[in-house]
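Welcome, and thanks for taking a look at this model with us. Let's walk through the ligand site and then visit a pair of strands.

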Amino acid sequence: MQAILVEALGGPEQLVVRELPTPEPGPGQIRVDVTAAGVNFMDTGARRLGAATGRLPFTPGVEGAGRVSALGEGVDGLALGDRVAWVYAYGSYAQQLVLPAADAVPLPDDIPDYIAASVMMQGITAHHFTTEAAPVHPGQTTLVHAAAGGLGQKLTRLIKHQGGDVIALVSNQAKADLARAGGADHVLVSTGEAFVDRVLELTHGQGVHTVFDGGGETTFRASLKVVRRHGTLLYYGAVLGAAPVINLRELPRSIKICYPVFRDHIPDHQALLHRSAELFTLLRNGTLTPGDGGRTYPLHDAAQAHRDLESRATTGKLLLLP
Ligand SMILES: NC(=O)c1ccc[n+]([C@@H]2O[C@H](COP(=O)([O-])OP(=O)(O)OC[C@H]3O[C@@H](n4cnc5c(N)ncnc54)[C@H](OP(=O)(O)O)[C@@H]3O)[C@@H](O)[C@H]2O)c1
């Protein structure tokens, strides 16, 4: 089977196609024939800095969907041929993948593989952010960074669904149109810190209730300036640079800062099934739309997908089709 391997850490050119033996599942594991693998911004960090597993070489990608093609000892509740999706299982940029059965979400008949693979990471994250990490209430105003991106568009749609207002931040005009189409109330085209004055103007000097910031340290410092009294800054931009160091006494206006980590979105199998079921409902009723201006690539073009993502040339969800 073909897989992408990172044999040495570095740029997109380190994503090479290799022929590997068919992986066999151990006890409690399944093998899946991958039909769609999600590309996430965090994958570029794994390629540059190393995967959470700490091993080299490794196959990147943590999200996807496909069909069960082998069952390890002791697996019940899944059968050969079942369609499943997963998130946070390393090795997804491949034609086949072995993962713990407990990490697999059985797919309902009306949710195609490519749609499931589009929402597992960014959809579950956006759902967790807006309902648990920083619940959005009707009438609240929010600022969403990279609002035309995979996560940003899902955040915008969920915030609007929950009755909040969205000030969307994007880096160019084409992205602005997409953010507006996704329901943003105001769209600011800006990079760096230039958004601060405009956000304060739009909120009559008060700032927003919540900032969703996946940018680097520069945007983090600027985001601090636009959180209103007792508001919340959700910061999840570690892939774009070192985590900002902050003296608690510098925190303005009694605001709260949250650094949400994916494992806390889905601490166990029940939470994974619950959030996935919620997502499928939000897809069925049209609150979430898969893709959102995204792109698909053949597996061997994984390096191009990373180049596009890192040059800020993409919108919506990127998928590899093995
Ligand atoms: N904590 C978690 O659980 C979690 C889960 C999922 C994602 N994340 C994080 O959320 C963020 C968005 O992830 P995503 O997968 O949905 O990616 P994405 O938003 O589809 O793509 C990344 C976007 O970041 C913006 N960006 C800002 N500065 C950039 C730079 N220097 N280089 C490249 N892009 C830059 C670009 O949008 P503009 O051009 O419009 O600025 C770009 O399109 C990432 O930081 C990711 O690591 C965290």
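How far is an oxygen atom of the ligand from a polar backbone atom of Phe41? In this predicted model, the two atoms are 2.9 Å apart. Backbone atoms of Gly150 and Gly214 also have a ligand oxygen as partner, as the table shows.

| Residue with backbone atom | Partner | Distance |
|---|---|---|
| Phe41 | ligand oxygen | 2.9 Å |
| Gly150 | ligand oxygen | 2.8 Å |
| Gly214 | ligand oxygen | 3.2 Å |

How much of the ligand does the protein cover? On its own, the ligand has 910 Å² of accessible area, and the protein covers 86% of that.

Now for the shell itself. There are 24 residues around the ligand, and those that come nearest are Leu151, Ser171, Lys175, Pro260 and Arg312. Sorted by class, the shell holds 11 nonpolar, 10 polar and three charged residues. Two or more residues come from each of the helices α2 (113–133), α3 (150–161), α7 (262–265) and α9 (302–310). Of the elements, α2 gives the most, with three residues. Seen by domain, domain 1 (2–120 + 270–321) and domain 2 (135–259) each supply at least three residues to the shell.

Finally, a look at the strands. β11 (residues 208–213) and β12 run parallel and are joined by five bridges. One of the residues involved is Phe212, whose bridge partner in β12 is Leu234. Strand β12 spans residues 227–235 and is mostly covered, with seven of its nine residues buried.

Conventions
Residues are numbered from 1 along each chain as its sequence is written. This is a predicted model: local features need pLDDT of at least 70, side-chain atom pairs count only at pLDDT 80 or more; totals for chains, interfaces and linings use all residues. Side-chain values use heavy atoms; hydrogens and water are left out. A residue is near a molecule or strand if one of its heavy atoms lies within 4 Å of it. A polar contact is a pair of N or O atoms within 3.5 Å; within protein, one must be able to donate a hydrogen and the other to accept it, and residues adjacent in sequence count only if both atoms are side-chain atoms. Accessible areas come from the Shrake-Rupley method with a 1.4 Å probe; for residues, only the protein chains shown count as cover. Helices (H or I, at least four residues) and strands (E, at least two) are DSSP runs, numbered from the N terminus. Ala, Val, Leu, Ile, Met, Phe, Trp, Tyr, Cys and Pro count as nonpolar, Asp, Glu, Lys and Arg as charged, and the others, Gly among them, as polar. Domain bounds come from an automatic or database domain assignment. Buried means under 20% relative accessible area, exposed over 50%, partly exposed in between (1.4 Å probe, protein chains only). Two strands pair if DSSP finds at least two bridges between them.
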